Amino acid sequence: VGTTTVHLASQFLFMTKTTSEDVRTFMSAAAAEYFRLIITHRSDASNVTSGLTGMNIIVTGTDMTLGLATDESYSLEIPSSGLATLSAASVYGARHGLETFSQLVGYDLESGRYLIANTPIAVHDAPRFSHRGMLLDTARHYHSIPTLKRYIRSLAHAKLNVFHWHLVDNQAFPLQLHSLEKIVRGAYTPEEIYTPEDVSEIVAYAKAWGIRVIPEFDTPGHATAWCVGYPEICPSPAWRG
C-alpha cells in the first residue's frame, strides 16, 4: 500500500486477455456489470488524461466449471498511473478481483471524480474455504425470481460462492415437477411457484456471478406439503398434521 491517490481516467476500460472466447464473453459481461456498479455518479473526469486508464484482466485457465476444486484466487495490482492488472486462473477468481477493485474505488463529491487512495496497491487473495454459502428458505417464505437474483448478487459481493436453496419443507412445496404434476399443489398459492425454467434461469444467473446452487429437498421427514397433491402417500390423517 502506497500514499498516492489516483483518479480514474475518463476513458477507463476493462480489457480481457485470454485464448478462450467463453472466458472473454464471461469476463466482458462481468466487467460491464462492475463498471455499472462503480460508476454510479456523474463524473467530471474529462480532463483526467493520465491517472488510472484501465485494467488488463488476465485469465490463464479456460475451464468454466464451478465446483469445490475451482481455483478462485486472484492478484490485483493498482499502480499510481497507467494500467491496473488483474490476474487469475479462473473467471471466478477474476470476478472476485473485480469485486475487490469496485470496493477500492471512491467518489470525490467536490471534484466529481472517481479515485483510489493509497496506491500503489497489491492484493493477493484466495478463499480460505472452498464452500462459502448461505441458505435461503423459500418453503416457509416464498421469494420471487427478481428477489432471488438480488440475493445471489449480495452473495457475490461478499465473495461467497454457494446459494443453498431450501426449496421445500412441511409448509410448502413450491417447485413444479413434470414427473409429479400434482406435487406443486403444496405451494402457498398457484402464483407462488417455481417452474423448471425458473430454476434453470436461477442456476445460470448464479453461475454468471460465481455462485453454485445447491437445492435442498427434505425427505422422508418434513414432507407434509407433498400430501396436498398426493394424500395417498401419507400414512394417516393424524400424520398429515
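In this predicted model, Tyr 194 is fully enclosed: its relative accessible area is 0%, so the residue counts as buried. Its ring takes part in two aromatic pairs worth a closer look. With Tyr 142, the ring centres lie 4.8 Å apart and the planes meet at 25 degrees, so this pair is stacked. Tyr 142 sits in the loop between β8 and α3, whereas Tyr 194 belongs to the loop between β9 and α4 (196-208), so the contact ties together parts that are 52 residues apart in sequence. Tyr 142 itself counts as partly exposed because its relative accessibility is 23%, a value that falls between the 20% and 50% limits.

The other pair joins Tyr 194 to Trp 165, with ring centres 5.2 Å apart and planes at 80 degrees, so the arrangement is edge-to-face. Trp 165 lies in strand β9, and the pair therefore links parts that are 29 residues apart in sequence. Both Trp 165 and Tyr 194 are buried. Together with Tyr 142, Tyr 151 and Phe 163, these two residues form one aromatic cluster. The count of aromatic pairs comes to 12.

Strand β9 also leads to the sheet around this cluster. An open sheet of 3 strands is arranged in the order β8-β9-β10, and its pairing is parallel. The edges are taken by β8 (133-137) and β10 (212-216); each has a single partner strand, so one side of each is left without a neighbour in the sheet. From one strand to the next, the twist averages 25 degrees. Between β9 (residues 162-166) and β10, the parallel pairing extends over 5 bridges, and Val 162 stands opposite Arg 212 in β10. Helix α3 (residues 145-157) packs on this sheet, where it touches β8 and β9, and its direction makes about 145 degrees with that of β9.

Phe 163, a member of the aromatic cluster, has many partners beyond its sequence neighbourhood. Leaving out residues up to four places away in sequence, its contacts include Met 134, Leu 136, Leu 148, Tyr 151, Ile 152, Leu 155 and Ile 202, as well as Ile 211, Arg 212, Val 213 and Ile 214. In soluble globular proteins, nonpolar side chains tend to be buried together. Here the largest nonpolar core has 55 residues, and those with the most contacts inside it are Phe 163, Phe 101, Met 55 and Met 27. Helix α1 (residues 21-38) gives the most to this core, contributing 7 residues.

The same helix leads to another sheet, as α1 lies across β1, β2 (52-59) and β6 and runs at about 150 degrees to β1. This open sheet has 7 strands in the order β5-β6-β1-β2-β4-β3-β7, with mixed pairing. At its edges stand β5 (106-108) and β7 (121-125), each with a single partner strand, so one side of each has no neighbour in the sheet. Neighbouring strands are turned by 35 degrees against each other on average, direction ignored. Strands β1 (residues 4-17) and β6 (residues 113-119) run antiparallel and are joined by 3 bridges; Val 6 stands opposite Ile 116 in β6. Helix α2 (residues 91-104) lies across β1, β2, β3 (74-78), β4 (82-88), β5, β6 and β7, running at about 35 degrees to β3.

Finally, the structure holds 1 disulfide, which joins Cys 227 to Cys 234 with an S to S distance of 1.7 Å. Cys 227 counts as buried at 7% relative accessibility, and Cys 234 counts as buried at 5%.

How values were computed: Residues are numbered from 1 along each chain as its sequence is written. This is a predicted model: local features need pLDDT of at least 70, side-chain atom pairs count only at pLDDT 80 or more; totals for chains, interfaces and linings use all residues. Side-chain values use heavy atoms; hydrogens and water are left out. Two strands pair if DSSP finds at least two bridges between them. Helices (H or I, at least four residues) and strands (E, at least two) are DSSP runs, numbered from the N terminus. Axes are lines fitted to C-alpha atoms, for helices over the stretch in contact, and angles run from 0 to 180 degrees between N-to-C directions. Contact means heavy atoms within 4.5 Å. A nonpolar core is a set of buried Ala, Val, Leu, Ile, Met, Phe, Trp, Tyr and Cys residues joined through side-chain atoms within 4.5 Å. Buried means under 20% relative accessible area, exposed over 50%, partly exposed in between (1.4 Å probe, protein chains only). A disulfide is a pair of cysteine sulfur atoms within 2.5 Å. Rings of Phe, Tyr and Trp (its six-membered ring) pair if their centres lie within 6.5 Å; planes under 30 degrees apart count as stacked, over 60 as edge-to-face and the rest as tilted.
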